[in-house]
Amino acid sequence: MRSNIILSLFVVFLCSNCNLQIQKKEKIETPIHKLLERIAPGHVDFFVFELSEMGKDFFSLESEDDLIMIKGNNYNSVAVGLNYYLKNYCRTYVSWFADDKVNLPEVLPKVTGVIEREARVDDRFFLNYCTFGYTMPWWQWNDWERFIDWMALNGVTMPLAITGQEAIWYEVWKELGLQDDEIRSYFTGPAHLPWHRMSNLDKWGGPLPMSWLSHQKNLQTKILKRERELGMTPVLPAFAGHVPQALSKVFPEAKINQLSSWGGFKDEYRSYFLDPLDPLFKDIQHRFLNKQTELYGTDHIYGADPFNEVHPPSWEPDYLATVANTIFTSMKEVDTQASWLQMSWIFYFERSHWTNERIKAMVRAVPQDKMMLLDYFCENEEVWKMTDSFFGQPFLWNYLGNFGGNTMLAGNLDEVETRMEYAFQNSHGNLWGVGSTLEALDVNPLMYAYVFEKPWSDGSVDTGEWIKNWADVRYGKSDKDYQHAWEILHKNVYKDHTALGQATLTNARPTLAGHGNWTTNPQIQYDNAVLSRAWESMLKTPSELRDTYAYDIVNVGRQFLGNHFMVLRDNFAKSYANKDLSELQKNGQAMLDLLDDLDELLSSENSFLLGKWLNDAKAMGIDENEKDYFEHNARNIITTWGTKAQSLNDYANRSLGGLTMNYYKQRWQMFIDDVITALKENKEYDASAFMDKVTQFEWDWTLQKNQFPDQPIGDPVEISKRLISKYKSSSNSKQTSP
């Protein structure tokens, strides 16, 4: 893989006469100049970018008169150098969201001396199959354009690039004899496609409109072109055995097996797997890769994950080795330079099944250095330590950080530093890279900024100093109160890794005790009064309302209010146990008032709006029927996830303006009314009857068409100051998971 990358860079250097230097005032058309013009229009003339051939990724920066000179071995490294300058000298943060402004100072600061950095690993991976369902299904090119710029600025070299593959599969299945309705009904709805691509789920939310296939195909062409321009090696998909059930009618002798059930879905939605020993397997692989290469090109790295959270037809090590060898061989027969990238989530998630003997059989069946493993959830469990460093095959250390797009302040910053540094120094030479496998773009951007800065360090990082600099970047300049707020968050909140099913109790199905469902466990391990102090410190001297500052105060306030809701619910439950109707009614109203306040706060910031999510989905439709289809899919994934009886209900919960008021509050209103009625009538509260009622409400909500604002309403500073004054005195008790 490295020889290919070096060859590609040689071509860039050759075309650029090795040392490309564009002088001030000249017309510039290189990818790095275009990136800078996109994020900071009008500033290009103050920068000089130079490519300098070198074996390792590096950048350097210095000032020469009024120019900022940034040098690197490729455009990706130069982008990292540019971001280093923006953060450390301009105190400027470039968000991954297209709508967030980029603020630079009027006079660009000079660099004292020469700053030089070299990457400790060659590969920096980003994304997760799930991100394409929980965050990206409704993105247009302007969203992708900013996001790709963000990836370049943060040094991502290996982005997962799986958009648009259904257009290829449509042609493959059609060639093999399937009809249009059989193919499009085999696909799931757009937001559920990640789990279809991972062989978890078929048909749910289908048939997929042809307009979607065409739109995504065109989008993928733009995505790949831009990623390659900025020095990235996109990871494209390959065939791993997942086939339509209807294929067995065309090839009745083919060895097609139904995989195990997943996520509580009925058997009709289970996926089907073609045995790699069947000659049809290689035929499908060849057709798919040839068509994909013809349309999208290739960078010779392919993602394939045959058994994600489902069980293979056999657990025999020899069978698993045969599967791995056949998958890779089928890739190599099309692309002699092929490498296979596989996530190792299953090795952690189903450790009882994936013993070291089985893992070794699978990974060693592929030639050395031709299978790369993504160690998926390293802030919690490092598989490389359990498997003798993946039995010698190269791996990438990854920070996961988010499940389902849940909006919880979470991340174990100090532990991430310790584990990454240990991996750099003790991985037996087969640590090829680092990255992040987040399920959705979430509310903890500092963790991803840190993970991608770490490989450019020359050793251990002082996280206390790093946080202080992070505060300056978010605020726009050095401010002791803002630094103090982030110091509080660092020492008290950013201590524990994220977990499955995290949510404030506001987002949970209502109950008198506990947290409703495994998908909505608060898991708060700090005193909420501490969070109150951080929020208050942030508000002492408001910034010029940079987008980053507004985001932070809403984000911290959102968490504070969400945590406090647990106290109010517990007070309500105590009033019911004491049969105190007056207190019960008062505490119930306090819960509803907080949900109103929370929704108002969320609605004041662009990144926390339900209306944007739904309107972006509807914009995908070419007619009213399609707009309704996409809206239902968008509502479904963040609430019921699937059917009414779905075990993944609320897995993708998130605190959004509009969703809090119109969905979560309505559930709590129904609950409060039922409990109060039960006490008035001297009856036991019927939790079972309530569950039936709320389940029907949830499903009905996914079918609604009511509209929500897609632009912020109100001043987040004024709202935050009013709410902290209202709730500060009553939020002084530690709130841990029930």
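**Notebook: strands, sheets and one helix contact**

I began at S60, whose bridge partner in β4 is E116. This is a predicted model, in which local features need pLDDT of at least 70 and side-chain atom pairs count only at pLDDT 80 or more, while totals for chains, interfaces and linings use all residues. Residues are numbered from 1 along each chain as its sequence is written, and side-chain values use heavy atoms, with hydrogens and water left out.

**Around β2**

I looked up the strands on either side of this bridge and found that β2 (residues 58-64) and β4 (residues 115-118) run antiparallel and are joined by four bridges; strands are DSSP runs of E with at least two residues, and helices are runs of H or I with at least four. I then followed β2 to β3 (residues 67-72), with which β2 pairs in the antiparallel sense over six bridges, where pairing needs at least two DSSP bridges. One of these partnerships links E64 to L67 in β3. β2 and β3 form a hairpin with two residues between them, and in the turn I noted D65, which has a positive phi of about 60 degrees.

**The sheet of eight strands**

I next traced an open sheet of eight strands with parallel pairing, in the order β6-β5-β15-β14-β13-β12-β11-β7. Its edges are β6 (158-159) and β7 (236-237), each of which pairs on one side only. Starting from the β6 edge, I found two bridges in the parallel sense between β5 and β6, with F125 partnered by M158 in β6.

On its way into the sheet, β5 (residues 123-126) also pairs with β15 in the parallel sense, over four bridges, and R124 stands opposite V434 in β15. I checked how covered β15 (residues 431-436) is, and six of its six residues are buried, that is, under 20% relative accessible area with a 1.4 Å probe and protein chains only (exposed is over 50%, partly exposed in between). β14 (residues 395-399) runs parallel to β15 and is joined to it by five bridges, L396 standing opposite G433 in β15. I also recorded that β14, helix α17 (residues 413-426) and β15 make a right-handed β-α-β unit.

**The sheet of three strands**

A second entry concerns an open sheet of three strands, antiparallel in pairing, with the order β8-β10-β9. Here β8 (242-243) and β9 (256-258) are the edge strands, each pairing on one side only. I counted β9 against β10 (residues 272-274) and found three bridges in the antiparallel sense, among them the one in which N257 has F273 as its partner in β10.

**Two helix entries**

I looked at how α19 (residues 463-475) meets α22 (residues 547-577): their axes lie 7 Å apart and the helices pack at an angle of about 115 degrees. That makes α19 roughly perpendicular to α22, a class that spans 65 to 115 degrees. From α19, V473, R474 and Y475 make the contact, and from α22, T548, Y549, Y551 and D552, contact meaning heavy atoms within 4.5 Å.

Last, I turned to T326, which lies in helix α12 (residues 317-332). Is T326 buried or exposed? T326 counts as buried, because its relative accessibility is 10%. Leaving aside residues up to four places away in sequence, T326 touches P276, F281 and K282.

Methods:
A crossover is right-handed if, with the strands pointing away from the viewer, the path from the first strand over the helix to the second runs clockwise. Axes are lines fitted to C-alpha atoms, for helices over the stretch in contact, and angles run from 0 to 180 degrees between N-to-C directions. Angles under 35 degrees count as roughly parallel, over 145 as roughly antiparallel, 65 to 115 as roughly perpendicular and the rest as oblique.
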